[in-house]
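The exercises below ask you to work from contacts to a core, a sheet and an interface, each with its solution set out step by step.

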Amino acid sequence: MLSIEQLKKSLFVSLWFAFLTFPLLVIKVDPIERTVQWRWENMALVAAGSFLVSLLVRVFQVQQERRRERRATGEFVDRVPIMQIILSEPRYLYTLSGAVLLCSLVFPFLFSTYQTNIMITALMYVMLGLGLNIVVGLAGLLDLGYVAFYAVGAYSYALLNYHFDVGFWMALPIGALLAALFGVLLGFPVLRLRGDYLAIVTLGFGEIIRLILENWNEFSEGPSGISNISRPGFFGIELSLEHAILYLYYLMIAMVVFTIFVVNRLQDSRIGRAWVALREDEIACQAMGIDKRKTKLTAFALGATWAGIVGVIFAAKTTFINPASFTFLESAIILCIVVLGGMGSIFGVIVGALILILLPEYLRALSDYRMLAFGAVLVTMMIFRPQGVVANIRRSYQFKSKAEGEG
Amino acid sequence: MEYFTELFFSGLTRGSIYALIALGYTMVYGIIGLINFAHGEIYMIGAFTSFVVATVLSIYGFPLLSIVLLAGLAAAVWSASYGYTVEKIAYRPLRHAPRLSALISAIGMSIFLQNYVLLAQSSEFQPFPELIPDFDFMEPFAHVVGSSDLVILLTTALVMVGLTMLIKFSRIGKAMRATSQDRTMAMLVGIDVNKVISVTFIIGSALAAIGGMLIASHIGQINFFIGFIAGIKAFTAAVLGGIGSIPGAVLGGFVLGLTESFATGYVSSDYEDVFAFTLLVLILIFKPAGLLGREAAEKV
Amino acid sequence: MKKSVVKSILAVALGFGLAAPSLAADTIKLGVAGAHSGDLASYGLPSVNAAKLVVEQVNANGGIDGKMVELLVEDDVCKPEVATNTATKLVSDGVHVVLGHICSGATKAALPIYNNAGVVVMSPSATNPDLTQSGDYPNFYRTIASDDAQARTEVDFALNVLGLKKIAVIHDKGDYGKGLAEFAKMFLDKSGKAEVTLFEGVTPGAVDYSAVVQKIKRSGAEAVIFGGYHPEASKIITQMRKKRMDTIFISDDGVKDDTFIKVAGKYAEGVYATGPKDTSSNPLSKKAVEDHKAKFGSDPGAFYENAYAAALALLNAVDKADSTDMEAVRNALQNNDVDTPVGSIRFDQIGDAVGVGFAMYQVKDGQYVEVK
């Protein structure tokens, strides 16, 4: 299956990695005691490991090559991916959705409180992902500061609860509205920007919000945060922790279903079409008479609304918030959810959120290597499925003899 | 007035470091249109490599000058190798994929490299050997500008000039410019685009490594997390100056460094980053392509 | 695709099946929670090492009432939202007592969950005064004194011993550093003996602090009181000394760490820092440090001795109470003295350790020496 030539190449790869990791993995210095420790065993490990991985990749490539050859000779017909069949056929889609919903309804009774708890977190990220999907996936505006709106929602509930004892259900619409307002506020100055300039400004906006929360003690209690935020009320009954988690779980399920419904309707609405048009070609879109300004602002505002809602839920769930929860990394994770799941696809975002939020939790078994594995998984997934786990294939004309375009 | 001068020099030092890192961002962006989030980590790896090498050499009793040179060389070589490898593994397979996929791959790489160094070395801050001694002739000015500030400024200036010459006059520099203007066209005229991209990563990474070593020796400590904040700031600087433009990255770095320094000095360091980002937003509102960026007319 | 889903569900279910029997097994489960990855890992990992050593030792001596002690180590990255997951995970795994969490914020978020499950928590490093003084967290204990006590020590020292008149208060914007700095400023303002010339935060991780240092110089402060951790402290002190400033530097427990002296090197000389009362003559403390060197081949990190003490105190309380019931353990903690590396301690009603106080140290010849 593999030629000598390829073995040689793998050997070279393994030598290269041995060289690459030499100063950091092999040498360990203690600058105070002035001792040097040479950990040669690490080099052997790296060399062996990279040799194996490189062989595996080569085997994979050979197989890909064969498949391509067979495809060229017509032996092998491209199957429509099974996901695509399910998603495009309502009959399957409804059955699947029903099954998933049923599973999620009985979930807390099958698994422990811990599982339910992390599932709540995952569902929160599903909502965040769906919200960001409006901005990034549909409207094509790269937003790296999405966490700012999440913070706005969380702090509006925390502060209202702290100062005025406002309940969860009252705070929910207020948080959403405030977040939407901030969305418009951010939207105005960046109307003229595109692509990566937009990305950095949104990143800056996210950081500004966090820094203000961190430094303005009189307003936000600063870095020590706000504690003892009330959990959601259930008709005035005091719930025990298990019940509160259960309640929150079903609340999240309902919210996610609601979100999916709304986003789905939005996608097919006039404004949804305008977003997609805007993403595809701004100039053509304007020429068609679409109000670019209004379209962009609604995308920002609607995206922010979901973040605000989840923010309120977040504050109610953890009962304690501080600015440390709203760093840039959080925005990056939400963005990863959208892209990894498959941009613009609702189902994809759900899958992406479940993978990315549950993965670190189940990787806990790896303890120290947890985040290392997380980073590696991100890279690997992108290399092997750059279009996301569930690609959003839109109806489009297919040209049979397609020349490879330049991206 | 002395206060002003002090703040000015501290802003310049900061700005030089931002500029050295921002060059890597801007060069990569100019050529493949990717925000290379792992670049901050390359800077951190450069600092760590020079830390390891310098400490080993000083334990074996090498003279200071040779330590500085060898540590700098090692940092540049290894960072460049890391940059090259990262590009090959994480970005090259995604050259024709949606642009955001490459961005996510970059974020993944950044998380991976951070934790790699955490596991391979230590979670603790490490004392970085003082590679730049206090020069005697600087003593009268030491309370305003330190010797290490001077070295940082001079090195940055030298690197800038060198890089500009390289891009302007050398063969590979011309190839780089051609590739950044139009990749397909560059390929058609016989430029090995993959090689050009690799070289870009190598140069950018080596510059970041030099920045990493200089700043580590200036502040005397490193850990695995230093690349993150420096990376974000440098990226901001690159955009501020107009991403893709090399003089823009330098200018952006200095503007950002000076803004932060003066904001701290005359207002409050509580909000130094708020000032930096607000400045960025303001500049982009009035000049959407950054200070020196080309305002590209959209082809329809 | 479908197959793998089924597989993963099976795997998860199997994991549960495996986890279930261990719940019934007769062990004492000691949870260790804190930042074990991310930028604050260096404050969390030493407590894991401390717990490992203590547990090893206890088990070697036959465990507690014949029961072996089992360690459950969980990472919370010092983030409140992750800490709630960590806490539910530990509770689901049937944890009996918890050593952690490391950061005050994460601790505050996690405590209600432990309280609900009747689990006593003891932190080696969460110093926020509210944790004990607010009365909201009945299951919380700590082997470190709170921020206000520490700020009080710093201010008293600056005013009464050094007799300073102009002081700049600097912090790192974090919940620990800023909280401490605010107390220090409040005490200074109240005393009326000294003027606070500057109150500012620095951004942790920024490439350079020279602008702030210049500002300190311009404010004419005779001394700096810094609230925060050693990485920022060593950067500030290094840049102050490089600028030929001889301003006195007074800081806190986050700086009273050997790493500070290692990193700041010669510039650390003369720096004052508050820390738990001198325990270096305490045989337990010596043993704890030596055991760490023997097992892990390195010096212990931040809060190591506090964590060691907390692990000892928790297990001792379980032993004395003959139960892991929350009330019994609380009683045992409050009514028994226990010998630890930070001295012989017991706990008061609100959860602070009695006998753990602060003393002022100064760096002399590369070592922290208590100022008498």
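**Exercise 1.** In this predicted model, find which residues are in contact with Ala311(C), leaving aside its neighbours within four places in sequence.

*Solution.* Taking contact to be C-beta atoms within 7 Å, one finds Leu30(C), Ala50(C), Ala51(C), Val54(C) and Leu99(C) around Ala311(C). Next, place Ala311(C) in the largest nonpolar core, which holds 350 residues, and where Ala311(C), together with Cys336(A), Leu30(C) and Leu314(C), touches the most other members. Finally, ask which element supplies the largest share of this core: helix 5 of chain A, residues 113–138, gives 17 residues.

**Exercise 2.** Describe the open sheet of chain C that contains strands 11, 12 and 13, and state how helix 12 of chain C lies relative to strand 11.

*Solution.* The 3 strands follow the order 11-12-13 with antiparallel pairing, and strand 11 (338–340) and strand 13 (353–354) are the edges, each pairing on one side only. Strand 12 (residues 343–347) is joined to strand 13 by 2 bridges, and Phe347(C) has Ala353(C) as its bridge partner in strand 13. Helix 12 (residues 304–321) then lies across strands 11 and 12, running at about 155 degrees to strand 11.

**Exercise 3.** Characterise the side of chain B that touches chain A.

*Solution.* Begin with the count, which is 57 residues of chain B in contact with 45 residues of chain A. Among the elements of chain B that give two or more residues to this side are helix 2 (39–59), helix 3 (64–91) and strand 1 (126–127), while helix 4 gives the most, with 14 residues. By residue class, the side divides into 39 nonpolar, 14 polar and 4 charged.

Definitions and conventions. Residues are numbered from 1 along each chain as its sequence is written. Chains are lettered from A and ligands numbered from 1 in the order in which they are written. This is a predicted model: local features need pLDDT of at least 70, side-chain atom pairs count only at pLDDT 80 or more; totals for chains, interfaces and linings use all residues. Two residues are in contact if their C-beta atoms, placed from the backbone, lie within 7 Å. Helices (H or I, at least four residues) and strands (E, at least two) are DSSP runs, numbered from the N terminus. Ala, Val, Leu, Ile, Met, Phe, Trp, Tyr, Cys and Pro count as nonpolar, Asp, Glu, Lys and Arg as charged, and the others, Gly among them, as polar. A nonpolar core is a set of buried Ala, Val, Leu, Ile, Met, Phe, Trp, Tyr and Cys residues joined through C-beta atoms within 7 Å. A residue is buried if 20 or more other C-beta atoms lie within 10 Å of its own, exposed if 12 or fewer, and partly exposed in between; C-beta atoms are placed from the backbone. Two strands pair if DSSP finds at least two bridges between them. Axes are lines fitted to C-alpha atoms, for helices over the stretch in contact, and angles run from 0 to 180 degrees between N-to-C directions.
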